[in-house]
Amino acid sequence: MKAIVITQPGAPEVLQIQERPTPQCTTGEVLVKVATAGVNRPDVSQRKGNYPPPAWAPQDIPGLEIAGTIVEVGAGVTRWKVGDKVCALVIGGGYAEYCNVPAGQCLPVPENLSFVEAASLPETFFTVWSNVFDRGRLKPGESLLVQGGSSGIGVAAIQMAKALGSTVYVTAGSDEKCRFCEELGAAKAINYKTANFKDAILQLTNNKGVDVILDMIGGDYTPMNIQSLGEEGRLVMINTMKGKDVQVDLAAVMRKRLNITGSMLRSRPVEFKAAIAAALEEHVWPLLVSGEIKAVINKIFPFEQAPEAHKLMESSEHIGKIVLEW
């Protein structure tokens, strides 16, 4: 099969097409003929040598989410059959013509969505569900602040939280991105280049603060996140783009009874990811079918142009998801 391979750690140009053996479909897995794959920041980090995959994952073929058609079903798999159209969260190897996937991490492609749209869902939707609704315990009627509202994670979080009854605030880096986030369902988008998000949040909430913050920034955002949370607030970290070493006002944490948590999804067990898939199929997939939640695609690249897709991801100029297509 053809695969996009990280030939060595480095710039986008190190991504090259090579021939590789087609993966074996083992017990509990399905083999998917990949039509499309989403591009995500962890792919960029892996390409640079900063995000090594688990030992049991493909070491030099990136890609954490795919959509395509099942061509082989392993022993013990009862739900899926050859010919089924699925999208799936994978541990790596998504930038290839074929990818083996634990059956529980697959979800049906909604009939109203294309393979391009379906490939944009798994990594972000799994991440948002696990961190906002499971770890962050966001409930209807509560408020959520998403740092980076126009990212793939952001557009998923805005739609999911709003559809399930919460008020969503976001930060974004331009007025255009802010307008887009508000059109998508955010109650207010704050341009972090022209305003202090902490001051804006406290003004928007009458100094109460928000209930949950989903943060992928870290660094100097952390003290302001603490100040932006209300009593019993929950800060959920999923990345540290501005640095992992921070100062935290522990007195504020104690006074407001805050919870600070975070997670990395890639290395979690199959059973954990399968439980998220089941929750998404029950609570979110019907909203995709009805159109209340939609896939937000910024640009589609042929797989051969994976370096260009990575350049766009690193530029942060995109709104929504970047997808590769065979």
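On a 1 Å grid over the protein atoms alone, a pocket is an open set of points with protein on both sides within 12 Å along at least five of seven lines, whereas a cavity is a set of points where a 1.4 Å probe fits but cannot get out; lining residues have an atom within 4 Å of a point. Grid points are joined across faces, edges and corners, and a volume is the space filled by probe spheres set on the points. The model is predicted, so that local features need pLDDT of at least 70 and side-chain atom pairs count only at pLDDT 80 or more, while totals for chains, interfaces and linings use all residues. Residues are numbered from 1 along each chain as its sequence is written, and side-chain values use heavy atoms, with hydrogens and water left out.

The largest pocket has a volume of about 1,000 Å³. Its lining comprises 38 residues, of which Arg41, Pro42, Tyr51, Ile238 and Asn239 are the closest to the pocket centre. Helices (H or I, at least four residues) and strands (E, at least two) are DSSP runs, numbered from the N terminus. At least two lining residues of the largest pocket come from each of α1 (41-48), α3, α4 (152-163), α11 (306-315) and β15 (321-325). The most is given by α1, with five residues. Residues were classed as nonpolar (Ala, Val, Leu, Ile, Met, Phe, Trp, Tyr, Cys and Pro), charged (Asp, Glu, Lys and Arg) or polar (the others, Gly among them). On this scheme the lining of the largest pocket has 17 nonpolar, 14 polar and seven charged residues.

The second largest pocket holds about 370 Å³ of space. Gly148, Tyr192, Ile217, Met241 and Ser316 lie nearest its centre among the 18 residues that line it. Six nonpolar, eight polar and four charged residues make up the lining of this second largest pocket.

One cavity of 30 Å³ or more is counted, and the largest cavity contains about 50 Å³ of space. Its lining is formed by Ser120, Leu121, Thr124, Phe125, Gly152, Val155, Ala156, Gln159, Lys294, Ala295, Val296 and Lys321. Two or more of these residues are given by each of α3 and α4, and α4 provides the largest share, four residues. The lining of the largest cavity divides into six nonpolar, four polar and two charged residues.

Strand pairing was assigned where DSSP finds at least two bridges between two strands. An open sheet of six strands follows the order β10-β9-β8-β11-β12-β13, with parallel pairing. At its edges stand β10 (188-191) and β13 (259-262), each of which pairs on one side only. Axes are lines fitted to C-alpha atoms, for helices over the stretch in contact, and angles run from 0 to 180 degrees between N-to-C directions. Neighbouring strands of the six-stranded sheet are turned by 20° against each other on average, direction ignored. Within this sheet, β11 (residues 210-215) and β12 (residues 229-237) pair in the parallel sense over five bridges, and leucine 214 has valine 236 of β12 as its bridge partner. Helix α3 packs on the sheet, touching β8 (143-147), β11, β12 and β13, and its direction makes about 160° with that of β13. Helix α6 lies across β8, β9 (167-172), β10 and β11 and runs at about 155° to β10.

Antiparallel pairing occurs elsewhere. Strands β3 (residues 29-39) and β4 (residues 65-73) pair in the antiparallel sense over seven bridges, with valine 32 bridged to isoleucine 70 in β4. Strand β4 also pairs in the antiparallel sense with β5 (residues 85-89), over five bridges; here threonine 69 stands opposite lysine 85 in β5.

Two helix pairs were examined, with angles under 35 degrees counted as roughly parallel, over 145 as roughly antiparallel, 65 to 115 as roughly perpendicular and the rest as oblique. The axes of α3 (residues 122-135) and α9 (residues 270-283) come within 10 Å and cross at roughly 95°, and the two helices are therefore roughly perpendicular to each other. The contact (heavy atoms within 4.5 Å) involves Phe125, Phe126, Trp129 and Ser130 of α3 and Phe272, Lys273, Ile276, Ala277, Ala279, Leu280 and His283 of α9. Eight nonpolar, two polar and one charged residues constitute this contact of α3 with α9. By comparison, α6 (residues 197-204) and α7 (residues 221-228) pack at an angle of about 10°, with their axes 9 Å apart, and are therefore roughly parallel to each other. Phe197, Lys198, Ile201 and Leu202 of α6 meet Tyr221, Met224, Asn225, Gln227 and Ser228 of α7, giving five nonpolar, three polar and one charged residues in the contact.
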